[in-house]
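Morning, everyone. I'll take you through one structure today, starting with the ligand. Please have a look at it first.

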Amino acid sequence: MEVYSGKASFKGVAIGKIAEMQKAEAVVRRMHVEDVEAEIARYHAAKEQAQKEILELKEKAEKEVGEAQAEIFEVHAMFLDDFDDSVENIIREQSVNAEFAVAQTGDNTAEMLAAMDDNPYMQARQTDVKDVADRVIRDMNGGGGDSNKFTEHVILVADDLAPSETVQLDKAMVLAFVTREGSTNSHTAILARTMNIPALCQTPIPKEAAGKMGIVDGFTGQVFVDPDDPTLEKYMKMKEAEEEKAALLKELKGKESVTKSGRKVKLYANIGGIGDLNFVKENDAEGVGLFRSEFLYLQNSDFPTEDEQFKAYRTVAEMLAGKEVVVRTLDIGADKQIDYFNLDKEENPALGYRAIRICLTREDIFRTQLRALYRASAYGNIMIMFPMITSVWEVERAKEICTEVKAELTAQGIAFKDVPVGIMIETPAAVLIADELAELVDFFSIGTNDLTQYTCALDRQNQKLERFFNAHHPAVLRAIQMTIEAGHRHNTWVGICGELGADPELTETFVKMGIDELSMSPGSILPCRKIIRDMD
Ligand code: PEP
Ligand code: MG
């Protein structure tokens, strides 16, 4: 048995096989090629390889889950056979690389399938066709197969995980995350909290651990590789106890988040997309306080269209069935990089071109998102929130654009609601001018992750700084208090959607400060409800 120690970024115990994360392929770029015939030959070689893999998958599925389930791979093979004309045509006519031609063909076919309203079966095959295109592209780039598609539950080990990589993971199969780098404030940690599974960072686990049995202890920050019997037994018991505790918390489902003296706090969930909605339900969130819409962009290889976004927002609005859903507009930049945005390299990305700054510069992107959001507003209880605000004019301009978008929709006869608009308070500047900002908006949501980073001048991604990082820094707590007071002076409700909002040591403090809403990873909601209900 070997033991490695790191930093725990989310509690819990996981027991299972260790798997090493295979790095995700880069986003497909359109490139000019001179020798189109050579490019077509590359495509055919990759296609042949993909055909072989699909056949192998079909045989495996037949053995493991039966013939009926394996039929889907015949559909994959059929899609692949139909690719040739389109791919060859795109390469020849546009003199572009085969990867681009395959991705384009996959997207076009998926769109065609999406339009088959009278055939729900074919309509549902959009993801399959994209899967086939991805497989061919992977094979063109040296393969990698289904490297991150697991057939059993795994403890996932990686150097670090970028948000663009985590979105592609088959999350249902991940028991825990262990990264060699990263910090407890990184997006991997946030993802682990959303999934309610243990996560360790800065853990020097060797690559050779892959394939072996492991235990992750999210309380002490240890990972055991090839555990001996007494260790395994101890952790099996601990896991059982954890499950019992979780079962007790489940009894709080359906109950109000209210103190004994009757003070109510809205306990909402943070989500990254439709895939997290089951966690929202499972943990009885009273709404969604932060939908990080940038994940829609991160999981795409090109700008998501208005319709694609509209569908995602509508689904969330409908699934929440009238409960409030706060959608944050695009918060890209800094640690959330997307190739197709072609953002310049910056000296100080956290202080750079990001979030609302991009939206107010590239209004076309912003307008597309706002149109999608307003259209979806007709289907539920959506609220719109702007990130990274530092000045009054930014809010005024963002609201002006909202007004223009609404006028456009009215002229087109498209239904929408005049939804509440809010901002994130995540810069010291916003805290200091909170009175002026509160006059302009319906709500504030305090982003303590960035607020801590900017207040204490501590890069939230930099693992060397953890020693200097104090999540409970009095300056941050005072900033929160000031924001709540300013908001309430102007009838603007105030919530917290940064990670601090889920800190059980601070729940009482926040309630006493007068917080109206706490939005957190779904798994933290019931423990937080318990603390609130135990308060006088
Ligand atoms: C925050 O900064 O606290 C926040 C919620 O936004 P993100 O973590 O996505 O930057
Ligand atoms: Mg933030």
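A word on classes before we start: Asp, Glu, Lys and Arg count as charged. Ala, Val, Leu, Ile, Met, Phe, Trp, Tyr, Cys and Pro count as nonpolar, and the others, Gly among them, as polar. Keep in mind that this is a predicted model.

Now, ligand 1. What is the make-up of the shell around ligand 1, by class? Seven residues are charged, five are polar and three are nonpolar. Of these 15 residues, R292, R328, G447, N449 and R460 come nearest.

Where do they come from? Helix α18, residues 448–455, and strand β10, residues 288–292, each give at least two residues to the shell. The largest share is from α18, with three residues.

Next, the polar contacts. The side chain of R292 has an N or O atom 2.8 Å from an oxygen atom of ligand 1. N449 uses its backbone: a polar atom there is 2.8 Å from a ligand 1 oxygen. E426 has a polar side-chain atom 3.0 Å from an oxygen of ligand 1. How much of ligand 1 does the protein cover? On its own, ligand 1 has 290 Å² of accessible area, and the protein covers 100% of that. Ligand 1 sits in the largest cavity.

Last topic: aromatics. Searching the whole structure gives 10 aromatic pairs. Take Y297 and F341. Their ring centres are 6.2 Å apart and their planes are at 55 degrees, so this pair is tilted. Y297 is in helix α11, and F341 is in the loop between β11 and α13, so the pair ties together parts 44 residues apart in sequence.

How values were computed
Residues numbered from 1 in each chain as written. Chains lettered and ligands numbered in written order. Predicted model: local features only at pLDDT ≥ 70, side-chain atom pairs only at ≥ 80, totals over all residues. Heavy atoms only, no water. Near = heavy atom within 4 Å. Polar contact = N/O pair within 3.5 Å; in protein donor to acceptor, adjacent residues only side chain to side chain. Areas by Shrake-Rupley, 256 points an atom, 1.4 Å probe, with all protein chains shown as cover. 1 Å grid on protein atoms, 1.4 Å probe; cavity = no way out; pocket = protein on both sides within 12 Å on 5 of 7 lines; lining within 4 Å. Sits in = over half its atoms within 2 Å of the grid points. Helix = DSSP H or I, 4+ residues; strand = E, 2+ residues; numbered from the N terminus. Phe/Tyr/Trp six-rings, centres within 6.5 Å; stacked < 30°, edge-to-face > 60°.
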